[in-house]
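Visitor: I'm new here, so please show me around. Start with whatever I need to know before looking at side chains.

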Amino acid sequence: MATINDIGVAAAINIVTAFAFLIAFAIFRIQPVNDRVYFPKWYLKGLRSSSIQTGGFGSKFINLDFRSYVRFLNWMPEALKMPEPELVDHAGLDSVVYLRIYLLGLKIFVPIACVAFTAVVPVNWTNKALVGLKHSNISYSDIDKLSLSNIPNGSVRFWVHLCMAYAITFWTCFILKREYQNIALMRLQFLANDERRPNQYTVLVRNIPTDPHESICELVEHFFKVNHPDHYLTYQAVHDATKLSELVQTRKQMQNLLDYNLNKQMRNLSKRPVVKMGCLGCCGEEVDGIKYYTSMVEGLTREIAEEKEKLRTGTKSIVPAAFVSFKSRYGAAVCAQTQQSRDPTEWLTEWAAEPRDIYYDNLALPYVDLKIRRIIVAVAYFFLTFFFMIPIAFVQSLANIEGIEKAFPFLKPLIEVKLLKSIIQGFLPGIALKIFLLFLPRILMQMSKFEGFVSTSSLERRAASRFYMFQFINVFLGSIVTGTAFQQLNSFLNQSANDIPKTIGVSIPMKATFFITYIMVDGWAGVAGEILRLKPLIIYHLKNSFLVRTEKDREEATDPGTIGFNTGEPQIQLYFLLGLVYAAVSPILLPFIIVFFGLAYVVYRHQVINVYNQKYESAGKFWPDVHRRVVTALIVSQLLLMGLLSTKHASKSTPLLLVLPVLTIGFHVHCKSRYQPAFVTYPLQEAMIKDTLERTREPNLNLKAYFLNAYAHPEFRVGEDLEKEMAVEDPNRTPDLVATKRGSWRNTSLPSQHNSNSSLC
């Protein structure tokens, strides 16, 4: 059981570590040699092209202006200066909404902490229930006297905790509702003011039925010209371009090596660069490097052109899915939000993600395979969650040395050294759990890809959902259950089965000390380590020293990274869960959570402004998930408090506590019906407004040229000039109709003619 001294040692270690990271970052960031690591976003935007130059010897590598070292902490106020509207323009709405999760934590927990330390902590501290339980062999420390466990059974003082539960519920719901409303308005305003994007006019059509008379391309065009005659514009077939991707990647490598050899030739005109044809270029016949790589690039270019033509003209590579674009946002909204055929399993439509968000590898998956894949992933996820209890039990064994000593007395001399014991109990459990969770997000992301989601944003949201559930089951419930078992092992062995629930009710609030150590490791030192970017810094300099041959290599060596919604948001939700659960049970945990939210907000705001480069923009589409998980944490806290009070013989409070989950669920249903549609559907009124404004401003806009290659596979766009001028379209031109080969459609009364230039096919 961690004591106040153990918590103090852990706090000292983590505070020193966090300050060391922050000071190291403040120094590293002003060194010219590290400029691309700490300001990559400005390089990508083209607003920063050279490192800081201070004059004098070594100025390209080290900042010799000592005045800048005096202002080495000015990054903190600078991170808070940029107004939110400007930040939306700079980094996108997704980044701003993500930052608001940290602000949500501060808005919820700062007032709750003030009330808890004013009302709950004095009530817990002034009781002596734990002292009276010494005969029960229950392990506890002085810090546990601040928890609900220190109140005797049947005490009238539990009314304070009951009132605190109501205050937490109403305050949290009030803040959640206001935040949901604000972000829904921000999303609608962002979509209304946003520039024209292909995804505003495009739907993804899946599970296209096969037809013996028509190819998929002909079937798609005929279906939408018949069923959406006033709005349909064009389509983009989906190809399985695996071989093309391999060829493009190989040509990219060869082109880079050619550039490197050309640079070598420019530096020394008298000597031609040579390449050895043997193993790994270390032995064998020598050939002219420029001629060799030039021939390789030319050969691969021809192969790529042939493969593109094969994909365009053939039908075997086309999968039963397509991106269908419309003349207006209104037409796309109608199609995306309605059923297209009598059979609800065919012609399935959904809003297309923006082109850079599309995960093209999963578009080629047959729709019928998705159910099977998701069943396989569900089974794998179950076993992954189940077997992870083993390392959780190991971590809890570190956190509860007293229980282990009582069960295994022969270990006592080894771990009884005071400083070593404080480090093991106060620091090691948190860092051990952090290490065990290190590779989990990658595993969950691979599971999401196997399930078949077709956009990066949906992949990350799915992985985040699984990561949160994993942490809820293993980190939260697992730590409580296994921790209680280890912590009170001797008590369990020496009492009747009827008394075990009472022991659990006493010991669960005491687990706050373990979660405090985890918050300090992950939330304090971990966040400070994020801004230092030690791993990207080392990788950049290693690549720059050994692998960078050209300026393009240097650009690729800089990895700005992204927010990482699939890893960051579930971690934040764990802190919401811990804060809401322990606010009325053991409020001593709240200050540590508040420090995390405050520090993380400043750090991630700086990273969003200067570092992260988001790969997609979903306009805050993930906020309903955030809201739902906070509500879930609130309900869990209410149920847990209800169970704890029942073990403390406070039966009169149970009926009053039963009201809270019902009210919370009703609140969630209200918010879901009132605000979630803004994140799922696109109002036809908003679509019509934007269409009307666009037709007024650009009456002759040729959207077909705009969509020509918008959703083509990325490898189709390599080496092609896609920045074509938009031609003027005749507004009176009659739309083309595609000829049909289906016998059932040959007697249609509408004339049709085949348009062979509509799309890649």
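Guide: Here's a term to begin with: a salt bridge is a side-chain nitrogen of Lys or Arg within 4 Å of a carboxyl oxygen of Asp or Glu. This is a predicted model, where local features need pLDDT of at least 70 and side-chain atom pairs count only at pLDDT 80 or more, while totals for chains, interfaces and linings use all residues. Residues are numbered from 1 along each chain as its sequence is written, and side-chain values use heavy atoms, with hydrogens and water left out.

Visitor: How many salt bridges does a search of the whole structure find?

Guide: One of them brings together the side chains of Glu569 and Arg629, 2.9 Å from N to O. Another has Arg462 and Glu451 at 3.1 Å, again N to O. Searching the whole structure gives a total of 14.

Visitor: How many residues apart are Glu569 and Arg629?

Guide: Glu569 belongs to helix α26 (residues 565-582), and Arg629 to helix α28, so to speak two distant parts of the chain. Helices here (H or I, at least four residues) and strands (E, at least two) are DSSP runs, numbered from the N terminus. Along the chain, the distance between Glu569 and Arg629 is 60 residues.

Visitor: Is Arg629 buried or exposed?

Guide: Buried means under 20% relative accessible area, exposed means over 50%, and partly exposed is in between (1.4 Å probe, protein chains only). The partner, Glu569, has 0% relative accessibility and therefore counts as buried. Arg629 has a relative accessible area of 4%, which means that Arg629 is buried.

Visitor: What is the relative accessible area of Arg462?

Guide: Arg462 sits in helix α20 (residues 456-487), and its partner Glu451 in helix α19 (residues 440-451), eleven residues apart. Glu451 is buried, at 0%. Arg462 is partly exposed, with a value of 30%.

Visitor: How many residues apart are Arg197 and Glu354?

Guide: The side chains of Arg197 and Glu354 meet in a salt bridge, 3.0 Å from N to O. Both Arg197 and Glu354 are buried. Arg197 is in the loop between α8 (158-193) and β1 (202-206), and Glu354 is in the loop between β6 and α13, putting distant parts of the chain in touch across a separation of 157 residues.

Visitor: Which residues are linked with Asp691, Glu694 and Glu698 in a network of salt bridges?

Guide: This one is a network with five members named. Besides Asp691, Glu694 and Glu698, the linked residues are Arg196 and Arg329.

Visitor: Let's turn to the strands. In what order do the four strands form the open sheet?

Guide: Two strands pair if DSSP finds at least two bridges between them. In this sheet the pairing is antiparallel. β2 (232-239) and β6 (348-351) each have a single partner strand, so they stand at the edges, with one side of each left without a neighbour in the sheet. The order is β2-β5-β1-β6.

Visitor: How many bridges join β2 to strand β5?

Guide: β5 covers residues 318-326 and runs antiparallel to β2. On its other pairing, β1 and β5 are also antiparallel, over five bridges. For β2 and β5, the number is six.

Visitor: Which residue in β5 does Thr234 stand opposite?

Guide: Some facing pairs help here: Gln236 stands opposite Phe323 in β5. Thr202 stands opposite Ser325 in β5. For Thr234, the residue opposite is Ser325.

Visitor: How many of the nine residues of β5 are buried?

Guide: β5 has β2 beside it in the sheet order, and β1 too. This strand is mostly covered, and its buried residues number eight.

Visitor: What is the phi of Arg533?

Guide: Most residues other than glycine have a negative phi. Arg533 lies in the loop between α23 (512-532) and α24 (534-546), and it counts as buried at 6% relative accessibility. Although Arg533 is not a glycine, its phi is positive, at about 50°.

Visitor: What value is the phi of Ala619 near?

Guide: Ala619 has its place in the loop between α27 (590-610) and α28 (623-647). Its relative accessible area is 4%, so Ala619 is buried. Ala619 is a residue other than glycine, yet its phi is positive, near 60°.

Visitor: Is Phe382 buried or exposed?

Guide: Phe382 is found in helix α13. Its relative accessible area is 51%, which means that Phe382 is exposed.
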